[in-house]
Each structure stands twice: as structure tokens, then as C-alpha cells.
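Reader: Hello! Could you take me through the nonpolar interior of this protein, and then give me a close look at one buried polar side chain and its surroundings?

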Amino acid sequence: MKAILLVSHGSRSPKTKEEISVLVNILRQLLPNEIVEFAFLEIEHPDIPEGIGRCVAQGATEIVVTLNFLNAGRHVDQDIPAIVHAAKNKYPQIKFNITNPIGQHPKIPTLFIDTINNPSVPPSFL
């Protein structure tokens with residue numbers, strides 16, 4: 001069974017975890033035959049090993065570590081692959097894949113244009 005583990009950086013702001021939770025619930029509806037969980041690199045929980053453990057506990061045989069990061073950098077290029085490598089050693093029966101950062105997706109320019117054409121300012125900044 002395939003699992004999607006949406007990995008984000010983590011933040012001290014509770015709003016961040018709420019937003020990720022909403023996104024994951026939407027993904028669960030769109031992907032009803034797959035396990036969908038989330039994890040954070042730092043600051044917030046569940047962390048990546050906990051997220052991987054949740055996927056394994058639900059019967060995952062493949063985990064797609066989906067990077068909710070805009071760009072490459074130390075976390076994307078080194079930190080997360082090292083955590084996934086450790087998970088491969090802990091769960092040798094599980095197939096692991098890591099996506100590119102979401103910011104490298106070819107539809108990102110279109111998303112930016114849509115945001116530029118339809119800006120919204122959070123009420124706290126008005």
C-alpha cells in the first residue's frame with residue numbers, strides 16, 4: 001500500500017499546523033486508496049520519523065516523502081535525505097521515494113500568476 005508523507009519545515013505558529021492538516025485532509029479525500037500523513041522537519045510534531053512510523057503502522061509498503069518546500073537547500077538536499085536513509089535502514093521492507101520540492105513543479109508559475117492576479121491580504125495586516 002502506498003503512503004504519502006507530506007513533509008513541511010515546521011513553525012512555532014499554530015496556524016501552520018492547522019493549514020497543513022487541512023491540506024492533508026483534502027489529499028485524503030482525493031486519494032482515498034492511499035495513506036496520507038504529514039510530518040515536520042523541525043519545531044513541530046509529528047517529526048519525520050514519527051510520520052514514517054504512522055505510515056508503516058497503517059500498512060504502508062511504499063512511502064512517497066512529498067516535499068512541501070519551495071526550493072532546494074540544506075534541508076531538501078541533505079537533512080531530509082539523511083532522515084529517510086535512516087528510515088530505510090529501520091524499515092528495509094519499505095520502498096521510499098522523495099519528491100522534488102513542490103516549488104519545482106511546472107505549474108508553480110501559473111499558481112504565482114493566479115495569486116498575483118487575485119491577491120488577498122490577511123486581516124491582521126490591513
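**The core and a buried histidine**

Author: Happy to! In this predicted model, the largest nonpolar core has 21 residues. Those with the most contacts inside this core are L5, V7, I48, I52, I63, I80 and F96. Several elements build the core together: β1 (2-8), β2 (35-40), α2 (48-57), β3 (62-67) and α3 (74-90) each supply at least two of its residues. Helix α3 gives the most, with four residues.

F96 is a good place to look around. Leaving aside residues up to four places away in sequence, F96 touches I52, I63, V84, A87, K88 and Y91. Two of these partners, I52 and I63, are themselves among the residues with the most contacts inside the core. There is also a second core, separate from the large one, with seven residues that include I20, V36, F38 and F40.

Now for the polar side chain. H75 lies in helix α3, the helix that contributes the most residues to the largest core. H75 has a relative accessible area of 16%, and because buried means under 20%, H75 counts as buried. Its side chain makes two polar contacts worth selecting in your viewer. One is with the side chain of D79, at 2.6 Å. Another is with the side chain of H9, at 3.4 Å.

If you set aside residues up to four places away in sequence, H75 touches H9, L41, E42, F69, I80 and P81. H9 therefore appears both as a polar partner of H75 and in this list of contacts, for which the cut-off is heavy atoms within 4.5 Å. I80, also on the list, takes you back to the largest core, where I80 is one of the residues with the most contacts.

To place all this in the whole chain, there are four helices and four strands, running β-α-β-α-β-α-β-α from the N terminus on. Of the 126 residues, 32% count as buried. Among contacts with a separation of 6 or more, 71% join residues 24 or more positions apart. The C-alpha atoms fill a box of roughly 50 × 30 × 30 Å along the principal axes.

On the outside, the accessible surface comes to about 8,000 Å², and 57% of that belongs to carbon and sulfur atoms. As for charge, the chain has 11 positive and 12 negative charges, whose mean positions are 3 Å apart.

Terms used:
Residues are numbered from 1 along each chain as its sequence is written. This is a predicted model: local features need pLDDT of at least 70, side-chain atom pairs count only at pLDDT 80 or more; totals for chains, interfaces and linings use all residues. Side-chain values use heavy atoms; hydrogens and water are left out. A nonpolar core is a set of buried Ala, Val, Leu, Ile, Met, Phe, Trp, Tyr and Cys residues joined through side-chain atoms within 4.5 Å. Buried means under 20% relative accessible area, exposed over 50%, partly exposed in between (1.4 Å probe, protein chains only). Accessible areas come from the Shrake-Rupley method with a 1.4 Å probe; for residues, only the protein chains shown count as cover. Lys and Arg count as positive and Asp and Glu as negative; His and the chain ends are not counted. The place of a charge is taken as NZ of Lys, CZ of Arg, CG of Asp or CD of Glu. A polar contact is a pair of N or O atoms within 3.5 Å; within protein, one must be able to donate a hydrogen and the other to accept it, and residues adjacent in sequence count only if both atoms are side-chain atoms.
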